[in-house]
Amino acid sequence: MTVEGFDGRLDRYLSEALSKTRSFIQKIIEEGNVWVNQTQVFKPAYKVRNGDIIKVVIPEPKQLSLVAQDIDIDVVYEDEHLAVINKPRGMVVHPGAGNFENTLVNALLHKFSGRLSSINGVIRPGIVHRLDKDTSGLLVVAKTDEAHIKLSEALKSHQIKRIYYAICEGVLKEDSGVVDAPIGRHPVNRLKMAVVPNGKEAVTYFEVLERFDKYTFVKLRLKTGRTHQIRVHMSYIGYPLLGDNTYGRAKNEFGVQGQVLHAGEIEFVHPITSKVLHFSADLPEYFVEILNMLRNRNNK
């Protein structure tokens, strides 16, 4: 194909020209499937100019071999284009190395008889965005490629509103505030994320709902959606999430394993009908039990 009327990033041009998500395009570029003026290019940020000739080889999709499993999941909303799921705490969203069963994707394959978008390939069919294993709550799933592309674009342009609820260690002094600090891979522990100077933009808004003796119940809103963003940001300002033994304390008085974090609300424009959709999910039982214990302690 010949570039016409465009000067800018290669991944952006191909995403628009081929109607594919930027993440998909970035992957095929990095895997060596793109040539510009007969030169193989590996950098998604490579600048293309008007008149450049681009060759793209899109690999054949691998045969889906994941097992569809009859696992009970809470479908909050469903139509022919998408679904909204209330993910339980402790469930991994999609398969990874050595873990190809009992994930949300396995459950979705059974629930929707395989009718999921193919944009994210074999391992992550239908997955537009993720929640950590121990984070409960709402996430949107795409059934069609068209819906997936438009939802991904909305996510990247911050048009999907996501509200989270958490209990953090320590008592926040400010009633509300914003953490604006770039996030990238931890310079030493590559399994963790961290606030780093050369990281990607990351912005989290917080609001105090209740204060307790040693804890704070907070409401959080994401502008961006970096990996572990809320967990990293709250730890960065000195108030790690209760139960988060990666970014906070290894042990806690409630014996809870994993961060006390719930994706309680999501709002977005339907990618096909343009209708504004808003969904909410109640706090899980364990979360409410901890809050009640803290409230009772406050009242003594």
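**Figure 1. Lining of the second largest pocket in the predicted model.** Helix H4 gives the most to the lining of the second largest pocket, with four residues. The structure shown here and in the following views is a predicted model. Helix H1 (10–18) and helix H4 (145–156) each supply at least two residues of this lining. The residues that line the second largest pocket are Arg-12, Ser-15, Glu-16, Ser-19, Lys-20, Thr-21, Arg-22, Ile-149, Ser-152, Glu-153 and Lys-156. Sorted by class, this lining comprises six charged, four polar and one nonpolar residue. The space within the second largest pocket amounts to about 180 Å³. Because domain 1 (2–56) and domain 2 (63–157) both give residues to the lining, the second largest pocket lies between them.

**Figure 2. Division of the protein chain into domains.** Domain 1 spans residues 2–56, domain 2 residues 63–157 and domain 3 residues 159–299. The centres of domain 1 and domain 3, taken over C-alpha atoms, are separated by 36 Å.

**Figure 3. Lining of the largest cavity.** One cavity of 30 Å³ or more is counted in the model. The largest cavity holds about 30 Å³ of space. Its lining is made up of Gly-243, Asp-244, Asn-245, Arg-249, Ala-250, Lys-251, Asn-252, Val-256, Gln-257 and Gly-258. By class, five of the residues lining the largest cavity are polar, three are charged and two are nonpolar.

**Figure 4. Buried and exposed residues of helix H6.** Helix H6 runs over residues 285–299 and has 15 residues. From its first C-alpha to its last, H6 reaches 21 Å, close to the 21 Å expected at 1.5 Å a residue. Tyr-286, Phe-287, Ile-290, Leu-291 and Leu-294 are the buried residues of H6. Seen down the axis of H6, these buried residues fall within an arc of 140°, and they therefore line one face of the helix. Glu-285 and Asn-299, on the other side of H6, are exposed. Asn-298 also belongs to helix H6; with 38% relative accessibility, Asn-298 counts as partly exposed. Asn-298 and Ser-235 are 63 residues apart in sequence, and their C-alpha atoms are 24 Å apart in space.

**Figure 5. Helix H5 and the residues that flank it.** Helix H5 (229–236) is preceded by a loop that begins after strand S14 (215–222), and His-228 is found in this loop. The phi of His-228 is near 60°, a positive value in a residue other than glycine. His-228 counts as buried because its relative accessibility is 19%, where buried means under 20%. H5 itself is mostly covered, with six of its eight residues buried. These buried residues are Gln-229, Ile-230, Arg-231, Val-232, His-233 and Met-234. Just after H5, Gly-238 also takes a positive phi, of about 95°.

**Figure 6. Gln-38 in the loop between strands S2 and S3.** Gln-38 is found in the loop that joins strand S2 (34–36) to strand S3 (39–40). The phi of Gln-38 is near 70°, which is a positive value in a residue other than glycine. At 78% relative accessibility, Gln-38 counts as exposed, the cut-off for exposed being over 50%.

**Figure 7. Arg-211 in strand S13.** Arg-211 lies in strand S13, which covers residues 203–211. Its relative accessibility is 33%, so Arg-211 counts as partly exposed. Along the chain, Arg-211 and Asp-175 are 36 residues apart. In space, the C-alpha atoms of Arg-211 and Asp-175 are separated by 9.9 Å.

**Figure 8. Arg-124 in the loop between helix H3 and strand S8.** Arg-124 has its place in the loop between helix H3 (104–111) and strand S8 (136–142). With a relative accessible area of 31%, Arg-124 is partly exposed. Arg-124 and Pro-95 are 29 residues apart along the chain. A distance of 7.5 Å separates the C-alpha atoms of Arg-124 and Pro-95.

Terms used: Residues numbered from 1 in each chain as written. Predicted model: local features only at pLDDT ≥ 70, side-chain atom pairs only at ≥ 80, totals over all residues. Heavy atoms only, no water. 1 Å grid on protein atoms, 1.4 Å probe; cavity = no way out; pocket = protein on both sides within 12 Å on 5 of 7 lines; lining within 4 Å. Points joined across faces, edges and corners; volume = space filled by probe spheres on them. Nonpolar A, V, L, I, M, F, W, Y, C, P; charged D, E, K, R; others polar. Domains from an automatic or database assignment. Expected span 1.5 Å × (residues − 1). Buried < 20%, exposed > 50% of the residue type's maximum accessible area, 1.4 Å probe, protein only. Arc of directions from axis to C-beta.
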